[in-house]
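Biologist: I am new to this structure. Could you take one part and look closely at how its helices and strands fit together?

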Amino acid sequence: MIKVRNLTKYYVRNKALDNVSFTLKEGEILGFLGPNGAGKSTTMNIITGYLSSDSGTVEIDGINILENPTAAKKKIGYLPEIPPLYNDMTVKGYLEFIFRLKKVRKPVKEHINNICDQVKISDVKEKIIKNLSKGYRQRVGLAQALIGDPPLLILDEPTVGLDPQQIIEIRRLIRELGKKHTIILSSHLLSEVQAVCDKILIINNGKIVADELTSSLTGTGSSTEKLSLIVEGRKTQVQSALQKIDGVTNVTYLGEAEKGCCEFTVSSRRDVRRLIFRSLAKTDFNILKMTPVELSLEDTYLNIITGKSEIKEAGSDVSNL
Amino acid sequence: MSAIYKREFMSYFTSPVGYAVLAAFMFFSGIFFYYQCLYTGTTSMSGVFQSMFLIVMFIIPLITMRSFADDRKNKTDQALLTAPVGIPAIVISKFLSALSIFALCLCSFVIEGVALTILAKADWSVIIGNIFGMIILAASFISIGLFISSLTESSIVAAIVSFVVNVLISLLDTISYTAHIDVLTKITDAISFQGRYGNFAIGQISLSDVVFFVTVTCLFLFLTDRIVERRRWA
């Protein structure tokens with residue numbers, strides 16, 4: 001669906017993007033993750049044709065955005081970081097303007113009504129955009145991206161500034177849209193990307209530092225397992241009992257959770273939950289809590305961004321981070 | 001293209017700008033008409049058209065100041081530039097909508113012409129020729145205004161710079177009178193807006209004047225297109 005090859009972009013002398021490449025298949029949802037100023041918006045602006053790159057190519061459905069911008073742009077719906085809304089227009093007037101601007105060949109009224117229902121702005125259709133709340137403005141922005149049913153949706157931080165209820169709604173909507181559209185979305189919120197996206201691209205200082213499936217980044221497919229344990233008993237005795245268990249590679253004491261109880265993190269090569277249960281039961285130590293610890297995307301992200309990943313290049317295996 | 005044209009045109013009337021421009025133009029055109037036709041008892045509207053040069057010069061920056069500057073400030077240019085529309089179409093749509101607002105202003109001359117017809121015998125060929133002349137003069141000023149608006153994010157800055165540029169353009173004649181340097185006089189005469197417009201006002205439509213204003217218009221529309229395009233590469 002989309003092929004991005006070796007994008008490089010300079011802002012005066014600052015290198016904003018450095019050899020960014022990735023591909024996305026039809027129907028996939030890609031999360032674009034990175035700190036402020038990493039190059040997320042720049043990449044999106046180049047894909048949509050708002051900016052030009054200094055080198056590299058963008059192909060949408062086989063159409064090069066530089067060679068045939070009009071045809072390529074017809075396939076894209078774009079919600080920029082700040083929704084491009086004309087404050088002096090009504091929601092309906094604005095959406096009709098976008099409809100004509102995109103030269104959509106569909107029945108206007110029906111198409112706009114469907115989109116308004118989908119993003120839940122039907123009740124404010126007659127209102128002037130200036131008077132809308134942040135949440136509604138964001139949804140009108142999303143509605144304009146959806147006009148013409150473009151196969152590729154590019155959403156730059158679609159949930160910024162929304163309240164938790166609205167965030168949940170928008171995420172649900174994005175997942176729903178993902179059934180019919182290919183989506184690229186950027187976010188600071190790792191949980192959001194984790195909840196919505198199939199693939200994750202982490203970008204830092206204009207470089208892609210990780211390009212992986214969400215599942216492998218969060219460690220569900222990793223070979224190391226971690227358990228968090230709270231056990232009633234003496235630290236040294238419990239620790240030595242745990243270390244004796246077959247498969248356990250490391251036991252870390254975290255402190256006294258409550259009186260007479262110790263908290264540990266146990267790393268192992270395989271699932272040792274049953275062995276731990278039996279072994280501790282035999283020695284009369286009561287297990288009060290046992291939870292598998294998943295390496296969260298936050299940990300992975302911070303590891304990558306703070307530089308542990310400098311050796312990692314795009315496409316490398318980051319599952320063991 | 002028609003979508004942008006329509007939106008831009010309507011936007012003049014969702015803010016006070018369109019009404020203010022129309023009111024100011026009609027007010028001054030009415031005053032000049034009263035003093036130079038009704039009060040002096042003549043049917044020649046040449047004086048009115050000549051006096052209106054100054055008003056056109058000051059009113060057009062108000063029409064063009066927001067067209068590109070506001071789009072950049074509010075980021076609405078992202079909607080336009082990521083839509084399947086070329087930059088030339090965007091520039092031309094904005095130009096035509098500004099020119100349409102100006103054309104509405106010219107209705108005041110039609111009303112004045114009708115008034116003259118009722119009172120005496122109006123020379124409609126002069127009036128129509130003048131309206132045509134004023135439209136191509138305005139087209140040049142509008143294209144310069146659009147160009148200046150495309151250089152900045154602030155509509156106020158765009159308006160002030162356009163005023164200054166327009167005043168400088170009108171000062172060209174003064175320079176040519178006072179400098180007494182042959183070459184300079186020739187150059188300033190050739191590019192004098194007021195001098196060329198003056199020919200229209202007295203009822204002479206010459207091809208060279210028409211070509212001059214059309215060339216200026218095309219040049220600045222082209223430059224505007226380049227500025228918008230260049231920003232994509234910045």
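Modeller: Start with a helix pair: α3(A) and α5(A) cross in the right-handed sense. Right-handed means that the near helix is turned clockwise from the far one by less than a right angle, and left-handed means anticlockwise. Helices (H or I, at least four residues) and strands (E, at least two) are DSSP runs, numbered from the N terminus.

The model is predicted: local features need pLDDT of at least 70, and side-chain atom pairs count only at pLDDT 80 or more, while totals for chains, interfaces and linings use all residues. Residues are numbered from 1 along each chain as its sequence is written, and chains are lettered from A and ligands numbered from 1 in the order in which they are written.

Back to the pair. Helix α3 of chain A spans residues 91–101, and helix α5 of chain A spans residues 134–146. Their axes lie 9 Å apart, at an angle of about 25 degrees. That makes α3(A) roughly parallel to α5(A) (angles under 35 degrees; over 145 is roughly antiparallel, 65 to 115 roughly perpendicular, the rest oblique). Axes are lines fitted to C-alpha atoms, for helices over the stretch in contact, and angles run from 0 to 180 degrees between N-to-C directions.

Who meets whom? From α3(A) come Val91(A), Tyr94(A), Leu95(A) and Ile98(A). From α5(A) come Val140(A), Ala143(A) and Gln144(A). Contact means C-beta atoms, placed from the backbone, within 7 Å. By class, this contact has 6 nonpolar residues, 1 polar and no charged ones. Ala, Val, Leu, Ile, Met, Phe, Trp, Tyr, Cys and Pro count as nonpolar, Asp, Glu, Lys and Arg as charged, and the others, Gly among them, as polar.

Next, the sheets. An open sheet of 6 strands in chain A runs β6-β7-β8-β3-β9-β10, with mixed pairing. Strands pair if DSSP finds at least two bridges between them. β6 (76–79) and β10 (207–213) of chain A each have a single partner strand, so one side of each lacks a neighbour in the sheet. On average, neighbouring strands here are turned by 15 degrees against each other, direction ignored. Inside this chain, β7 (152–156) and β8 (182–187) of chain A run parallel over 5 bridges. Leu152(A) faces Thr182(A) in β8(A). Helix α1 (40–47) of chain A lies across β3, β7, β8 and β9 of chain A, at about 150 degrees to β7(A).

A further open sheet in chain A has 4 strands in the order β12-β13-β11-β14, with antiparallel pairing. Its edge strands are β12 (248–256) and β14 (286–293) of chain A, each pairing on one side only. Neighbouring strands of this sheet turn by 20 degrees on average, direction ignored. β12(A) and β13(A) share 7 bridges, and Glu256(A) has Cys262(A) as its bridge partner. β11(A) and β13(A) share 8 bridges, with Leu227(A) partnered by Val266(A). β11(A) and β14(A) are joined by 7 bridges, and Lys226(A) is partnered by Val293(A).

Two helices lie across these strands. Helix α9 (235–244) of chain A crosses β11, β12 and β13 of chain A, at about 160 degrees to β12(A). Helix α10 (273–282) of chain A crosses β11 and β14 of chain A, at about 165 degrees to β14(A).

Last, the domains. Chain A is assigned domain 1 (2–217) and domain 2 (225–293); such bounds come from an automatic or database domain assignment. Their centres, taken over C-alpha atoms, are 46 Å apart.
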